[in-house]
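Take a walk through this model, from its overall fold to single side-chain contacts. Keep the sequence at hand.

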Amino acid sequence: MQAMKRALEQVDLSSDESSSSNADDHKAKNGRTSNITVDQVVDELVSESTTIKCDSKQMNDNFNIGQGVEELFSEDAILRRAKMYQEYMQMVPMPTEAHSLIPCNSWRGLAASIKTLYGQPLHYLTNLRMKEWDKMRIEADNEDDPLDMLIHPNNAESCIWHLEEVHRRTSSPSYLARLWVADPMYHVYIDAIFPKLQNPSK
């Protein structure tokens, strides 16, 4: 029980009260508040994913498919989408309770289990980092050892949540947009998990 309490304290990265206060201070400093709604963001992200999947086959059959796809991949459209995505991820509350120990063979495996258990998406940048951390183990002496034999599952999970908080709270939409412009398949690392959220009070 003591171990679980320590794990819970690690995952409980910040109180709702301080998080709300910091967000309000940030908005006040910038002199702006968002008019974005949860439904708007979900509709945008879902429609984007569907459009990309539908148009990928059309592009193979007919390169000149019209302005719809060209507009979808324009820098302005991607920047707008990045802003909506980042604002949405900031709305998703960080978990305040830990589940039981999660066995894992890899970082991506642990991330997948976290998404299932908590019913939350992980940030695009966090998903990229999980891929990089798994690649980092290639040709290491302990490459074939399960991750939970090298790092305690509580510490590994806590590490992901700390990283996730950084990405949710501090990532620049402009930075995301630059990455997305350079990678037309960026949507692969955007989780299609949309928990029910309350629209923030204006």
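The paragraphs below go from the fold to one helix, then to charged pairs, aromatic rings, the surface and contacts across the sequence.

Start with the whole. This is a predicted model. The protein has 10 helices and zero strands. Read along the sequence, the pattern is therefore α-α-α-α-α-α-α-α-α-α. Of the 202 residues in the protein, 36% are buried.

Now pick out one helix, H6. It covers residues 107–118. At 1.5 Å a residue, the 12 residues of H6 should span 16 Å. The end C-alpha atoms of H6 are 16 Å apart, so the expected span and the model agree. Which residues of H6 are buried? They are Trp107, Leu110, Ala111, Ile114, Lys115 and Tyr118. These buried residues cover an arc of only 140° around the axis, so they sit on the same side of H6. Lysine 115 is thus named among the buried residues of H6 because its relative accessible area falls under 20%.

Arg108 belongs to H6 too. Arg108 is partly exposed, with a relative accessible area of 46%. That value falls between the cut-offs of 20% and 50%, which means neither buried nor exposed applies.

Arg108 leads on to the charged pairs. How many salt bridges does a search of the whole structure find? The search finds five. In one of them, the side chains of Asp134 and Arg108 meet at 3.1 Å, N to O. Asp134 lies in helix H7 and Arg108 in helix H6, so this pair ties together parts that are 26 residues apart in sequence. The two partners differ in exposure. Asp134 counts as buried, because its relative accessibility is 12%. Arg108, at 46%, is partly exposed.

Helix H9 supplies further salt bridges. This helix covers residues 153–170. Glu164 and Arg168 meet through their side chains at 2.6 Å, N to O. Both lie in H9, four residues apart, about one turn of the helix. Buried or exposed? Glu164 is buried, and so is Arg168.

Glu165 and Arg169 also form a salt bridge, at 2.8 Å, N to O. They too lie in H9, four residues apart, about one turn of the helix. Here the burial is uneven. Glu165 counts as buried, because its relative accessibility is 14%. Arg169 is partly exposed, since its relative accessible area is 39%.

Turn to the aromatic rings. A pair of aromatic rings is described by the distance of the centres and the angle of the planes. Rings pair here if their centres lie within 6.5 Å. By this rule the count comes to seven aromatic pairs. Take Tyr124 and Tyr189. Their ring centres are 6.4 Å apart and their planes stand at 75°, so the pair is edge-to-face. The angle is what decides this, because planes over 60 degrees apart count as edge-to-face.

Where do the two rings lie? Tyr124 lies in helix H7 (residues 124–136), and Tyr189 in the segment after helix H10 (173–182). The pair therefore ties together parts that are 65 residues apart in sequence. Tyr124 is buried, because its relative accessible area is 2%. Tyr124 and Tyr189 also belong to one aromatic cluster, along with Tyr85, Trp180 and Tyr186.

Next, the surface. Met149, Leu150 and Ile151 form a nonpolar patch there. Together they have about 280 Å² of accessible area. Leu150 is found in helix H8 (residues 147–150). Leu150 counts as partly exposed, because its relative accessibility is 38%.

Last come two contacts in space between parts separated in sequence. Pro153 is placed in helix H9. At 12% relative accessibility, Pro153 counts as buried. Pro153 and Leu110 are 43 residues apart in sequence, and their C-alpha atoms are 8.8 Å apart in space. Leu110 is one of the buried residues of H6.

His99 gives the second case. His99 lies in the loop between helix H5 (75–91) and H6. His99 is partly exposed, because its relative accessible area is 31%. His99 and Glu157 are 58 residues apart in sequence and 10.0 Å apart in space, C-alpha to C-alpha.

Methods
Residues are numbered from 1 along each chain as its sequence is written. This is a predicted model: local features need pLDDT of at least 70, side-chain atom pairs count only at pLDDT 80 or more; totals for chains, interfaces and linings use all residues. Side-chain values use heavy atoms; hydrogens and water are left out. Rings of Phe, Tyr and Trp (its six-membered ring) pair if their centres lie within 6.5 Å; planes under 30 degrees apart count as stacked, over 60 as edge-to-face and the rest as tilted. Buried means under 20% relative accessible area, exposed over 50%, partly exposed in between (1.4 Å probe, protein chains only). A salt bridge is a side-chain nitrogen of Lys or Arg within 4 Å of a carboxyl oxygen of Asp or Glu. Patches are made of residues with over 30% relative accessible area and no salt bridge: like charges are joined within 9 Å, nonpolar side chains (Val, Leu, Ile, Met, Phe, Trp, Tyr) within 5 Å. Accessible areas come from the Shrake-Rupley method with a 1.4 Å probe; for residues, only the protein chains shown count as cover. The expected span of a helix is 1.5 Å times one less than its number of residues. The arc is that of the directions from the helix axis to the C-beta atoms.
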